[in-house]
Amino acid sequence: MDHLLEVIYHAVDFIMEVNLISDTVTRPSDGMLSAMQEARVGDDVFKEDPSVNAFEEKVATLFGKEAALFFPSGTMANQTAIKLHTQPGEQLICDHYAHIFNYEGGGVSFNSGVSCATIQGDRGRISAQQIKARINPADFYHSPKTSLVCIENTTNKGGGAFYSMENLQEISSLCREENLALHLDGARLWNALVATNTNAQAYGQLFDTLSLCFSKGLGAPIGSVLVGSKLHMEKALRVRKVLGGGMRQAGYLAAAAAYALDHQLADLKSDHIKAKELEAALLKKSFVKSVAPVDTNIVIFELENATSENTFFEKLSQKNIKFISMGGGKLRFVTHRDYTESMHAYVLEVLDKTQL
Ligand SMILES: *Cc1c(COP(=O)(O)O)cnc(C)c1O
């Protein structure tokens, strides 16, 4: 019997390919492809694509905001928001792990001529108190004028951590008192919504603008949305055009994103459960030094010694399991909707058997 299991275990190696690199590796589901095929489309640059228009309205309503704008990427949505809220020479405040600071190609300075005052927060999360200490006094003209605060929820480099509502409310009140704009990079806000069982409007009312990705855990091939006031979205339309983000029959993409929202949002729960189980499996291994707390779908861990990192990569690679290093000894697994139950069982089995 044992022998038979061994045979199956090795046979499976040849067919199973597991990608834990990111939740962006998903492919459209059959239902999504049908929704795309059936979409009514027009030229969205003339704002004549009915699927895009309906989708923008749907997302704006979901967050209790006046308007929304569809973007090809989360980066472009964030960069547009930063442009809306700042003037060249000004400064924004964010965590030192922030995506806008680390992973948007220097767009903050390239597109908006803005610098970042960074804060060492807790797994990518910053507090109202920390923000307050970083605001340059409005009348002190020697320093850049602070005009914007950017929050990320859930955090990417921070390992999928989410904010408590109280902390967000404190930050929102502070920004109103200090006359600062507040933007949420909500690429993975969906994961926070599902993990905390909070409704989207509760977040909508705290921020001036929010960006949301549909091509991460939700499983659409492309697409992000920026939501905010009507006036902000009118200005955003021009910025998006300047950045080259005006798209024509984008309704095919909006249909995919709308399908994701309607049919795939609740599935994030099982990504979170699998991530927790991976955390538990890793904690059992003597060669694993630590695993960062797992709150949603991202598992960040470190090995006991740096030299074992290559061996671990090699061993998992031999089993067709792909993942990445985030540098500085931090390794990462990200669960997603194309990481199936059988793949999960397989990975748990491989981890159980792996010795370094
Ligand atoms: C993925 C991501 C984005 C946007 O990335 P794109 O690849 O441009 O869609 C923005 N912020 C965070 C936190 C992300 O994880």
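1. A good place to start is helix H9: its buried residues pack against helix H3 (50-62), E6, helix H10 (200-204), E7, helix H12 (251-263) and H13. Please keep in mind as you read that this is a predicted model. The buried residues in question are Leu189, Trp190, Asn191, Ala192, Leu193 and Val194. That makes six of the eight residues of H9 (residues 189-196), so the helix is largely enclosed by the rest of the structure. Just after H9, have a look at Asn197, which takes a positive phi of about 55°.

2. Next, one of the neighbours of H9. Helices H9 and H13 pack at an angle of about 80°, and their axes are 9 Å apart. H9 is therefore roughly perpendicular to H13. From H9, the residues Trp190, Asn191, Val194 and Ala195 meet Leu268, Lys269 and His272 in H13.

3. Strand E6, another element on that list, deserves its own point. All six of its six residues (181-186) are buried, so E6 is largely enclosed by the rest of the structure. In a regular strand, side chains alternate between the two faces of the sheet. Which residues of E6 lie on each side? Ala181, His183 and Asp185 are on one side, Leu182, Leu184 and Gly186 are on the other, and all are buried, leaving both faces of E6 covered.

4. On to the strands that E6 pairs with. Strand E5 (residues 146-152) pairs with E6 in the parallel sense over five bridges, and Cys150 stands opposite His183 in E6. Strand E7 (residues 209-213) also pairs with E6 in the parallel sense, over four bridges. Here His183 stands opposite Thr209 in E7, while Leu184 has Leu210 in E7 as its bridge partner. So that you can trace the chain around this region: E5, helix H8 (residues 165-177) and E6 make a right-handed β-α-β unit.

5. Now the sheet as a whole. It is an open sheet of seven strands in the order E2-E8-E7-E6-E5-E3-E4, with mixed pairing. Strand E2 (67-71) and strand E4 (115-119) stand at the edges with a single partner strand each, so one side of each is left without a neighbour in the sheet. From one strand to the next, the twist averages 20°. Helix H3 packs on this sheet and touches E2, E7 and strand E8 (224-228); the direction of H3 makes about 125° with that of E2.

6. There is also an open sheet of four strands, in the order E9-E10-E13-E12, with antiparallel pairing. What stands at the edges of this sheet? Strand E9 (288-291) and strand E12 (324-327) do; each has a single partner strand, so one side of each is left without a neighbour in the sheet. The twist in this sheet averages 35° from one strand to the next.

7. Within the four-stranded sheet, strand E10 (residues 298-303) and strand E13 (residues 330-334) pair in the antiparallel sense over four bridges. If you want a residue pair to find on screen, Ile300 has Arg332 in E13 as its bridge partner. Helix H13 (residues 268-283) packs on the sheet, where it touches E9, E10 and E13, and its direction makes about 10° with that of E10. H13 thus appears twice in this note, because it also packs with H9, to which it is roughly perpendicular.

8. A further helix pair to view is H4 (residues 74-85) with H11 (residues 230-242), which pack at an angle of about 120° with their axes 9 Å apart. The two helices are therefore oblique to each other, and H4 passes H11 in a right-handed crossing. H4 contributes Met76, Thr80, Lys83, Leu84 and His85 to the contact, and H11 contributes His232, Lys235, Ala236, Val239 and Arg240.

9. Finally, a single residue: Tyr252, which has its place in helix H12. Is Tyr252 buried, partly exposed or exposed? With a relative accessible area of 36%, Tyr252 is partly exposed; the buried class ends at under 20% and the exposed class starts at over 50%. Leaving aside residues up to four places away in sequence, Tyr252 touches Met36, Ala39 and Val41. Tyr252 and Met36 are 216 residues apart in sequence, and their C-alpha atoms are 4.9 Å apart in space.

Note on methods. Residues are numbered from 1 along each chain as its sequence is written. This is a predicted model: local features need pLDDT of at least 70, side-chain atom pairs count only at pLDDT 80 or more; totals for chains, interfaces and linings use all residues. Side-chain values use heavy atoms; hydrogens and water are left out. Buried means under 20% relative accessible area, exposed over 50%, partly exposed in between (1.4 Å probe, protein chains only). Two strands pair if DSSP finds at least two bridges between them. A crossover is right-handed if, with the strands pointing away from the viewer, the path from the first strand over the helix to the second runs clockwise. Axes are lines fitted to C-alpha atoms, for helices over the stretch in contact, and angles run from 0 to 180 degrees between N-to-C directions. Contact means heavy atoms within 4.5 Å. Angles under 35 degrees count as roughly parallel, over 145 as roughly antiparallel, 65 to 115 as roughly perpendicular and the rest as oblique. A crossing is left-handed if the near helix is turned anticlockwise from the far one by less than a right angle, and right-handed if clockwise.
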